[in-house]
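Got your viewer open? Load the model and get ready to click through it step by step.

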Amino acid sequence: MNKNLRDLLIILIFALAIWAGFTYFSTTTEKNELISFQKEDEIADFFNDQIFKEYESIEDESVDSTLNIIMDRLSTGMDSLSYQYDIHILKSEQVNAFTAFNGQIFIFTALIEQTESAEELAAVLAHELAHAENRHVIKNLIKELGLNSLILIMSGGDPVVLQEISKLVVSSGFSRKMEREADEYAVKYLKAAELNPNRLTQFFLKLKQSKANIPDAFKWVSSHPGLKDRIEYVTKQLGDSTYEKPFDIDWKEFKELTKIN
């Protein structure tokens, strides 16, 4: 082996070792820096208290039954569930839906008002489920605050600081990468649950058009970056999958029950 070839091999082996080490470190760091599910459960208790102080929820057996039917169908399209999910409907004029801690998903009544069918609401829920399954809320908070600071804040229980964190969860958006990941998973869940994934892009388009007319009302859209790119991305993922098995749900009754009086 001549000297040049030997030197080249040494450089390649050295570069490969650095790449492998960096990849391993990044992966293990990301995994280790997530808060345990037990800790997340404790955070959820506090967060829910804050939310229900600020917003009135709709408590109705028929509404719960409808949400359970939608959730059961979506669950069939998921390999496994990381949480026992609870879906709450909050009275608000904001068009918003968000995932919080420990499988808690919140939908504002104004968003339901914008949906035209149970299948369309299922598409929104699939997107939120994808955020939850990928633990985007925890990852976002760690990115914003740092793991040690987050644990210290949560352990200290300062009500003012915790209230600010609750606001952060409700109002802040996810990164473009997280939104794309959630869209990707949502399409997968919808296809497997025999629902048309195109419902997701239909809802995006509707909100995009509505946003132009009512700029301050659609915070759910404005907090999600690159909506046009996301519509194009989801459309590409659809392929020929437009088959849909409709829900057996009285959608008109559901919307009446979730209206703000």
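Start with the largest nonpolar core of this predicted model, a group of 47 residues. Select Ile70, Leu74 and Leu121: these have the most contacts inside that core. Now colour helix 5, residues 118-133, because it gives the core its largest share, ten residues. If you wonder about the general idea, nonpolar side chains in soluble globular proteins tend to be buried together.

Stay with Ile70 for a moment. Which residues is Ile70 in contact with, leaving aside its neighbours within four places in sequence? Pick out Ala118, Leu121, Ala122 and Leu125, then add Phe247 and Ile249. You've already met Leu121, one of the residues with the most contacts inside the core.

There is also a second, separate core, with 18 residues. To find it, select Ala44, Tyr55, Phe108 and Met178, which are among its members.

**Next stop: a pocket**

Select Leu67, Asn68, Tyr85, Asp86 and Ile87. Those are the residues closest to the centre of the second largest pocket, out of 17 that line it. The volume of this pocket is about 310 Å³. Which elements give two or more residues to its lining? Show helix 3 (61-76) and strand 1 (86-90) and you have them. Helix 3 gives the most, with seven residues. Try colouring the lining by residue type: you should get eight nonpolar, five polar and four charged.

**Then look for the closed spaces**

Rolling a probe the size of a water molecule over the atoms shows where empty space is left. How many cavities of 30 Å³ or more does a search of the whole structure find? The search turns up three, and the largest cavity has a volume of about 40 Å³.

To see what surrounds the largest cavity, select Glu40, Tyr83, Thr99, Ala100, Phe101 and Asn102, then add Ala132, Arg135, His136, Val137 and Ile138. Helix 6, residues 136-145, gives the largest share of this lining, three residues. By type, the lining holds six nonpolar, three polar and two charged residues.

**Finally, zoom out**

Switch to a cartoon view and you'll be looking at 13 helices and three strands. Of the 261 residues in the protein, 46% are buried. Now turn on the surface: the accessible area comes to about 14,200 Å², and 52% of that belongs to carbon and sulfur atoms. One last thing to keep in mind as you rotate the model: among contacts with a separation of 6 or more, 75% are between residues 24 or more positions apart.

Technical notes: Residues are numbered from 1 along each chain as its sequence is written. This is a predicted model: local features need pLDDT of at least 70, side-chain atom pairs count only at pLDDT 80 or more; totals for chains, interfaces and linings use all residues. Side-chain values use heavy atoms; hydrogens and water are left out. On a 1 Å grid over the protein atoms alone, a cavity is a set of points where a 1.4 Å probe fits but cannot get out, and a pocket is an open set with protein on both sides within 12 Å along at least five of seven lines; lining residues have an atom within 4 Å of a point. Grid points are joined across faces, edges and corners, and a volume is the space filled by probe spheres set on the points. Helices (H or I, at least four residues) and strands (E, at least two) are DSSP runs, numbered from the N terminus. Ala, Val, Leu, Ile, Met, Phe, Trp, Tyr, Cys and Pro count as nonpolar, Asp, Glu, Lys and Arg as charged, and the others, Gly among them, as polar. Buried means under 20% relative accessible area, exposed over 50%, partly exposed in between (1.4 Å probe, protein chains only). Contact means heavy atoms within 4.5 Å. Accessible areas come from the Shrake-Rupley method with a 1.4 Å probe; for residues, only the protein chains shown count as cover. A nonpolar core is a set of buried Ala, Val, Leu, Ile, Met, Phe, Trp, Tyr and Cys residues joined through side-chain atoms within 4.5 Å.
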